[in-house]
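Please read the following account alongside the sequence and the coordinates, moving from the whole chain to individual side chains.

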Amino acid sequence: MTEENVKVQMRKGILEYCILAILSRGASYAPRIIAELKEAEMIVVEGTLYPILTRQKNAGLLTYRWEESPQGPPRKFYSLTEKGEEYLAQWDKVWEDMVRQIEIIRGKSEQ
């Protein structure tokens, strides 16, 4: 398994978390979410993002509204629901626990 394959698998596992984290700062639309993910080197294409947004919306984690755009067609702005905020808080806890667990394991291997 190559380093790139490992990165891809890890990114897939946390992409939903990253999207919720981005939306926790305020409503956003897909191209802006993609730009943030690319800036963080969590490379994503629209074909990857839209199914996740749809799945999260169907699960009640997100809602959306249409907003007129000065540059083209209206944009769909996504935002977290109360359920989405609660789910993100659970993700935060799980992430913190996993980082702590990995640090324990890595610390033992360095002894």
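The paragraphs below take up the overall layout, then a buried position, then the charged pairs, and lastly a patch on the surface.

The model discussed here is predicted, and its protein chain contains 4 helices and 3 strands, which follow one another along the sequence in the pattern α-β-α-α-β-β-α. Taken along the principal axes, the C-alpha atoms of the chain fill a box of roughly 60 × 30 × 20 Å. Of the 111 residues in the chain, 27% are buried, and the chain exposes about 7,800 Å², with carbon and sulfur atoms supplying 54% of that area. When contacts with a separation of 6 or more are considered, 48% of them are accounted for by residues 24 or more positions apart.

A useful place to look at the interior is Leu-49, which belongs to helix α3, spanning residues 46–58. Leu-49 counts as buried because its relative accessibility is 0%, where the cut-off for that class is under 20%. Leaving aside residues up to four places away in sequence, Leu-49 touches Ile-19, Ala-30, Ile-33, Ile-34 and Val-44. One of these partners, Ala-30, is 19 residues from Leu-49 along the chain, and the C-alpha atoms of the two are separated by 7.5 Å.

The charged side chains come next. The chain carries 16 positive and 17 negative side chains, and the centres of these two sets lie 4 Å apart. Side chains of opposite charge can pair when their charged atoms come close, and the structure holds 4 salt bridges, among them the pair formed by Glu-36 and Arg-25, whose closest N and O atoms are 2.1 Å apart. Because Glu-36 lies in helix α2 (residues 30–39) and Arg-25 in the loop between α1 and β1 (28–29), this pair ties together parts that are 11 residues apart in sequence. The two partners fall into separate accessibility classes: Glu-36 is partly exposed, at 27% relative accessibility, whereas Arg-25 is exposed, at 58%.

Another salt bridge joins the side chains of Asp-97 and Lys-93, with an N to O distance of 2.9 Å. Both residues lie in helix α4 (residues 82–109), where they are 4 residues apart, about one turn of the helix. Asp-97 has a relative accessible area of 23% and is therefore partly exposed, and Lys-93, at 47% relative accessibility, also counts as partly exposed. A further pair is made by Glu-67 and Arg-65, whose side chains meet in a salt bridge at 2.8 Å, N to O. Here Glu-67 is partly exposed, with a relative accessible area of 30%, and Arg-65 is likewise partly exposed, with a relative accessible area of 40%.

What remains is the surface, and in particular the question of which residues form a nonpolar patch there. The patch is formed by Met-1, Val-6 and Met-10, which together have about 380 Å² of accessible area. Val-6 is found in helix α1, which covers residues 3–23. Val-6 counts as partly exposed because its relative accessibility is 34%, and membership of a patch requires over 30% relative accessible area. Seen beside Leu-49, which is buried at 0% relative accessibility, Val-6 gives the reader a nonpolar side chain that is partly exposed, at 34%.

Terms used: Residues are numbered from 1 along each chain as its sequence is written. This is a predicted model: local features need pLDDT of at least 70, side-chain atom pairs count only at pLDDT 80 or more; totals for chains, interfaces and linings use all residues. Side-chain values use heavy atoms; hydrogens and water are left out. Patches are made of residues with over 30% relative accessible area and no salt bridge: like charges are joined within 9 Å, nonpolar side chains (Val, Leu, Ile, Met, Phe, Trp, Tyr) within 5 Å. Accessible areas come from the Shrake-Rupley method with a 1.4 Å probe; for residues, only the protein chains shown count as cover. Helices (H or I, at least four residues) and strands (E, at least two) are DSSP runs, numbered from the N terminus. Buried means under 20% relative accessible area, exposed over 50%, partly exposed in between (1.4 Å probe, protein chains only). Contact means heavy atoms within 4.5 Å. Lys and Arg count as positive and Asp and Glu as negative; His and the chain ends are not counted. The place of a charge is taken as NZ of Lys, CZ of Arg, CG of Asp or CD of Glu.
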